[in-house]
4 protein chains.
Amino acid sequence: ESAHEFESQKNTLTHKLQEAETKSQTLEAQLGDLEQHLESSQQESEAFRKSLRSLLELLDTKIFELTELRDTLAKLIEGSS
Amino acid sequence: ESAHEFESQKNTLTHKLQEAETKSQTLEAQLGDLEQHLESSQQESEAFRKSLRSLLELLDTKIFELTELRDTLAKLIEGSS
Amino acid sequence: ESAHEFESQKNTLTHKLQEAETKSQTLEAQLGDLEQHLESSQQESEAFRKSLRSLLELLDTKIFELTELRDTLAKLIEGSS
Amino acid sequence: ESAHEFESQKNTLTHKLQEAETKSQTLEAQLGDLEQHLESSQQESEAFRKSLRSLLELLDTKIFELTELRDTLAKLIEGSS
């Protein structure tokens, strides 16, 4: 092969390598963004579930208080007979 | 005693007897009214208590349904983790 | 009429009068009992209704608190979307 | 430059290019996995919120029914006075 031909092949390979590395960098950036998005999504989801658990405890309290009220009413009805 | 005196005593007694009998009749009428009032009062009270018992059963149902809702929420929260 | 006859009539009337007065006293006592019974019955009824009104206020509070819980849940669901 | 030197440079570049392409493929696979994970995560989250909305509607119904029960009790108390 001639020196000119070798030079041409080297340039083509160098160019392809640069393109491949640029693509890798773009993909790595996208991956980083997505991981961050997923993490913040999981944190929101965890905070949401924590709020729901507080609500569940409050609901338990309200059901308990309604049950006490129900017992008071039952005693009143029986006591007045 | 003279016949006149006897007559006078008899009249007085007859008058008192009439008054006493009138009084008895009035009292019997009052007693009858009061008994009727008391009876209708007891019937109202019984009907009232019966309505309250229906309400108590309804309240029981509502508490049961709220408890089911609470269990569904608890399962949702656990299932989403 | 003879004095003996007068005496007999007087005795009969006096006896009937005593019976009528005894009856009145018995009726008055019954009436008094019944009035007292009715009065205590009304006091109990009033106390009962007062207790029910307290219960009603408590139920109002519980419904209000459940409504607040409901609003919190609605905001959580909307905020998490 | 000698032919030997050119050959060596070409081999090095070819090897680096293969490595860069392999890395890109790995990153693309990771990105695909993550996107799929995120999508299924969003679908679960949407299904979860949909279930919570159903629960909210049920809670609305229960609060409405408790309010009706409360009104019935209020009328009973007033009607019995």
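A salt bridge here is a side-chain nitrogen of Lys or Arg within 4 Å of a carboxyl oxygen of Asp or Glu. In this predicted model, the side chains of Lys62(A) and Glu65(C) meet in such a bridge, with an N to O distance of 2.7 Å. Across the interface of chain C and chain A, two salt bridges are found. Two residue pairs are in polar contact between chain C and chain A, both at pLDDT 80 or more.

The side of chain C that touches chain A divides by class as follows.

| Class of residue, chain C side | Number of residues |
|---|---|
| nonpolar | ten residues |
| polar | three residues |
| charged | two residues |

The size of an interface is often given as the accessible area lost when the parts come together. Chain C and chain A bury about 1400 Å² between them, and 90% of this area lies on carbon and sulfur atoms. Of the area that chain C buries against chain A, 38% comes from Leu55(C), Leu69(C) and Leu76(C), more than from any other three residues. The contact is made by 15 residues from chain C and 15 residues from chain A.

The arrangement of the two chains can be described by a superposition. A turn of 180 degrees and a shift of 0.1 Å along the axis lay chain C on chain A with an RMSD of 0.1 Å. The two copies are therefore related as by a two-fold rotation axis. Within chain C, Lys62(C) has the C-alpha nearest the axis, 3.4 Å from it. Both copies use the same surface, as 100% of the contact residues of chain C recur in chain A.

Terms used. Residues are numbered from 1 along each chain as its sequence is written. Chains are lettered from A and ligands numbered from 1 in the order in which they are written. This is a predicted model: local features need pLDDT of at least 70, side-chain atom pairs count only at pLDDT 80 or more; totals for chains, interfaces and linings use all residues. Side-chain values use heavy atoms; hydrogens and water are left out. Contact means heavy atoms within 4.5 Å. Buried area is the accessible area (1.4 Å probe) that two parts lose on being put together, summed over both. A polar contact is a pair of N or O atoms within 3.5 Å; within protein, one must be able to donate a hydrogen and the other to accept it, and residues adjacent in sequence count only if both atoms are side-chain atoms. Ala, Val, Leu, Ile, Met, Phe, Trp, Tyr, Cys and Pro count as nonpolar, Asp, Glu, Lys and Arg as charged, and the others, Gly among them, as polar. Copies are superposed by least squares on the C-alpha atoms of residues with pLDDT of at least 70 in both.
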